[in-house]
Amino acid sequence: MIDNLIRSFIQKALEEDIGDGDFTTLATIPEDLKGEAYLLVKEKGILAGVSITKDIFLYLEPNAIVEILIQDGTHCDGNNNIALKVYTNTHILLKAERLILNIVQRMSGIATTTHQYVKAIEGTKAKILDTRKTTPGFRYFEKLAVKIGGGFNHRMGLYDQILIKDNHIAAAGSIENALNRCFYFLKTKRIKTKIEIETKNLEEVKQVLSIGNIDRIMLDNFTINDM
């Protein structure tokens with residue numbers, strides 16, 4: 001069964017690409033023609049997006065025969081590794097092709113890059129976190145790719161954590177005001193969530209530490225020496 005979030009994304013993405021129909025395929029290929037397609041991995045890296053590839057084919061044709069040969073998170077050598085096979089109507093294959101390639105290429109790129117950073121800090125207690133700087137409408141999949149690459153999701157959106165940035169501090173009047181307002185908000189709304197605050201120098205870090213009750217302090221644009 002396809003998750004509702006994924007189903008909604010697939011529907012919108014296909015509507016964007018297909019519109020009133022794939023005129024070229026409708027004009028050139030018989031409607032009842034069947035075909036087999038392969039998803040090939042041609043570069044080294046961490047594969048991501050195969051599971052949604054299967055979802056897309058099954059969304060378009062529930063009777064499609066889809067076989068995943070390489071799972072998400074696998075390191076591929078890029079020697080034309082066959083990640084997935086599918087047998088279905090040729091019209092379905094061509095409708096799905098570009099959407100699938102866009103998803104797998106982008107997710108695999110994110111997973112591979114994330115993995116490089118994860119390997120670089122191996123042996124430390126540090127973690128690689130992602131951001132909200134994502135492609136609109138594609139956040140779930142980009143953040144999933146980070147996890148596949150060994151990273152961790154920071155927050156999914158504005159709704160699941162408090163992150164006080166310089167704009168909030170300026171509007172509130174001070175770090176102390178911003179934090180106190182957050183403490184009051186969480187208490188009165190009976191919301192349990194983490195509080196993170198952005199600091200731009202060591203004096204601000206000291207000020208935050210003196211107030212306390214903070215889950216994470218972000219060091220924003222610090223020099224290497226100050227960090």
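Tutor: Helices (H or I, at least four residues) and strands (E, at least two) are DSSP runs, numbered from the N terminus. By that count, this protein has eight helices and eight strands. The model is predicted: local features need pLDDT of at least 70, side-chain atom pairs count only at pLDDT 80 or more, and totals for chains, interfaces and linings use all residues. Residues are numbered from 1 along each chain as its sequence is written, and side-chain values use heavy atoms, with hydrogens and water left out.

Student: What is the radius of gyration of the protein, and what would a compact globule have?

Tutor: The radius is taken over C-alpha atoms, and the globule rule is 2.2 Å times the number of residues to the power 0.38. For 227 residues a compact globule would come near 17 Å, but the protein has 23 Å. Its C-alpha trace spans about 70 × 40 × 25 Å along the principal axes.

Student: Which strands pair with strand 5?

Tutor: Two strands pair if DSSP finds at least two bridges between them. Strand 1 (residues 34–41) runs antiparallel to strand 5 (residues 81–89), and eight bridges join them. Within that pairing, E36 of strand 1 has Y87 of strand 5 as its bridge partner. Strand 3 (residues 65–68) also pairs with strand 5 in the antiparallel sense, over four bridges. There, I68 stands opposite L84.

Student: Is T88 of strand 5 buried or exposed?

Tutor: Buried means under 20% relative accessible area, exposed over 50%, and partly exposed in between (1.4 Å probe, protein chains only). T88 lies in strand 5 and counts as buried because its relative accessibility is 3%. Leaving out residues up to four places away in sequence, T88 touches K34, G35, E61, A64 and L93; contact means heavy atoms within 4.5 Å. Over the whole protein, buried residues make up 36% of the 227.

Student: How do I read a helix, say helix 7? Which of its residues are buried?

Tutor: Start with the span: the expected value is 1.5 Å times one less than the number of residues. Helix 7 (residues 175–189) has 15 residues and reaches 21 Å from its first C-alpha to its last, close to the 21 Å expected. Its buried residues are I175, A178, L179, C182 and L186. Seen down the axis they fall within an arc of 95°, so they line one face of the helix; the arc is that of the directions from the helix axis to the C-beta atoms. On the other side, R181, Y184 and K187 are exposed.

Student: What covers the buried residues of helix 7?

Tutor: The cover includes strand 6 (162–164), helix 6 (166–172), strand 7 (195–199) and helix 8 (202–211).

Student: Where is phi positive in a residue other than glycine?

Tutor: Most residues other than glycine have a negative phi. N80 and R190 have positive values, each near 55°. R190 follows helix 7, in the loop between that helix and strand 7, and is exposed because its relative accessible area is 78%. N80 sits in the loop between strand 4 (75–76) and strand 5. At 43% relative accessibility, N80 counts as partly exposed.

Student: How far apart are L144 and T124 in sequence and in space?

Tutor: They are 20 residues apart in sequence and 23 Å apart in space, C-alpha to C-alpha. L144 is in helix 5 (residues 139–148) and, with 28% relative accessibility, counts as partly exposed.
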